[in-house]
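Here is a colleague's note on the structure, set out as numbered points for reading beside the coordinates.

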Amino acid sequence: MNGKFWKYVPQNLELEAEEDLRNFLRYLLAHPTPGSAGATGTWRTLKPVIHVDKCVKCGMCWLYCPENVITWRPGEYPSIDYTYCKGCGVCSSVCPRGAIEMVVEGE
Amino acid sequence: MVRRVVLIGNHAVAEAVKMARVQVVAAYPITPQTIIVERIAEMVERGELNAKYIRVESEHSALAAVYGAAMGGARAFTATSSHGLLYMYEMLWWAAYSKAPIVMAVVTRTIGPPWNIHSDHHDILSVRDSGWIIAMAENVQEAFDLTLQAFRIGEDKRVLQPVMVGLDAFVLSHTAEPLELPEQSDVDAWLPPREPLPFVMEPGKPFAVGNVGPNEFTMELRWCVWRAMERAKRVIKEVDEEYRKIAGRSYGGLVERYRLEDAKYVVVAWGAWCGDMKEAVDILRSEGYPIGLLRIRFARPFPREELIEAASGAKAMLVMDRAVSMGMEGIFSMEVKSVVGGRVPVKNVVAGLGGVDVSYDEFVEIFRKFIDEYESGKYIDWTLPEWYMPWRGGSR
């Protein structure tokens, strides 16, 4: 079946249910994948820049980042994936040492 | 072997929940439903039912909790009435369009104002477009049977939709009747543990349910549920028929046909008052009137084919409504007319709102008037519904 106009009269219940289940899972569930909404880094007007001389590796920016684009492990400096960072500035706001500066994009 | 017991409707539902080995229950009390979940709480406390019982602060949260439980793969149950059901309205849609096979008992109660705890069908019929399968019992035995059947229907992989089981406030919920319970071992074989369908959320395997997407995704989900509902018509009949193996009884699927074989006058209704209507049908039959009752068991999916079949041999139909759409007519009247439209004249009588009792002899009077009007050609006046309010004296 293919077309613009659809009616449904059940015939093979099992087969049609399987078909529906596949569609249903596709349309209802979203599995996390990097960048499922595209390269959202292009939305950015302000860019967070980490000044490692001030950073104490506390991980607050990693914890608070709403987009999960900051990578960090205990004892390491955080790093930001600029392909997907939207530049919201939450990391800069929560940094207890003022180590993340929001810089105007393109400057 | 069946066990014969005497139970009120609410306890019969609780017994069915226990026999279905429900795993998660969350509910908020509201008269006349409360004693269903009180009894389940006792069963859990005594260790008769191995279930997680979640106390919540509202009906919205109750349905959200069992929705989450169902998404986690559990067999889940809740119950409510009236205002509680309306408070769930938003979550009803989330559950139905996530295909969460929850079972919910709805002890039908009118909606305020004025405050009134008695039965009519405005609560359960006002949620008829939410994607739930919606059934209604006639007596305590059927309230038990439907609750068990609801798990089988909702969890069937050809359906996978939540199911509401309705029973009238007090007339069934608080009225003791004899009923037969099947063997637990038979129920276990007939209703095995839930399969992990349509999907199961597990820790460590994250995904989002119902995330924002292209608008076509919404329409595709509606189409999935539409198709599941169409299939449910066949599955409901099948489950009802198979139920006979463990219980020795079935009802006829989406509808029960009472003395319809040669009926020229067909009454359509659902719920507990159908018991009184059957008595009225018997009385009129003994007087020679060819009348029968088509009792609706499922409002969703709607018994389209069954109604067309009943209309094809009939001269006229009478729809008795215990719920009315203001500015239009009785809710079942609209639905019946939309299906049988043009085949036979259809009369609508609105009665019994707010729990007003209508006895079998009053049904005799109502049915006889309907037949007389048809035979004297007055059915051209049937475009307007008639409200039955005998305390006002005289009809206008």
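The points below take chain B as a whole, then its domains, and then its contact with chain A.

1. The model is a predicted one, and side-chain atom pairs count only at pLDDT 80 or more, whereas totals for chains and interfaces use all residues.

2. Chain B holds 13 helices and 16 strands. Its radius of gyration is 21 Å, close to the 21 Å that the globule rule gives for 396 residues, so chain B is as compact as a globular protein of that length. Along the principal axes, the C-alpha atoms of chain B fill a box of roughly 70 × 55 × 40 Å.

3. Of the 396 residues in chain B, 54% are buried. When contacts in chain B with a separation of 6 or more are considered, 80% of them are between residues 24 or more positions apart.

4. Helix α7 of chain B, which covers residues 140-155, deserves a separate remark. Its 16 residues reach 23 Å from the first C-alpha to the last, close to the 22 Å expected at 1.5 Å a residue. Because 16 of the 16 residues of α7(B) are buried, with at least 20 other C-beta atoms within 10 Å as the criterion, this helix is largely enclosed by the rest of the structure.

5. The domain assignment divides chain B into domain 1 (3-247) and domain 2 (255-392), and the centres of these two domains, taken over C-alpha atoms, are separated by 28 Å. Their contact takes 25 residues from domain 1 of chain B and 18 residues from domain 2 of chain B.

6. On the side of domain 1 of chain B that touches domain 2 of chain B, at least two residues each are supplied by α6 (122-125), β6 (133-136) and α9 (215-247) of chain B. The largest share of that side, five residues, comes from α9(B). By class, the side of domain 1 consists of 12 nonpolar, seven polar and six charged residues.

7. What does each chain bring to the contact between chain B and chain A? Chain B contributes 23 residues and chain A contributes 17 residues. On the side of chain B, β9 (208-209) and α9 each supply at least two residues, and α9(B) gives the most, with 10 residues. That side of chain B has 11 nonpolar, four polar and eight charged residues.

8. Strand pairing also links the two chains: strand β1 (residues 29-30) of chain A and β9(B) pair in the antiparallel sense over two bridges. Within this pairing, A:A30 stands opposite B:A208 in β9(B).

Technical notes
Residues are numbered from 1 along each chain as its sequence is written. Chains are lettered from A and ligands numbered from 1 in the order in which they are written. Helices (H or I, at least four residues) and strands (E, at least two) are DSSP runs, numbered from the N terminus. The expected span of a helix is 1.5 Å times one less than its number of residues. A residue is buried if 20 or more other C-beta atoms lie within 10 Å of its own, exposed if 12 or fewer, and partly exposed in between; C-beta atoms are placed from the backbone. The radius of gyration is taken over C-alpha atoms; the globule rule is 2.2 Å times the number of residues to the power 0.38. Two residues are in contact if their C-beta atoms, placed from the backbone, lie within 7 Å. Domain bounds come from an automatic or database domain assignment. Ala, Val, Leu, Ile, Met, Phe, Trp, Tyr, Cys and Pro count as nonpolar, Asp, Glu, Lys and Arg as charged, and the others, Gly among them, as polar. Two strands pair if DSSP finds at least two bridges between them.
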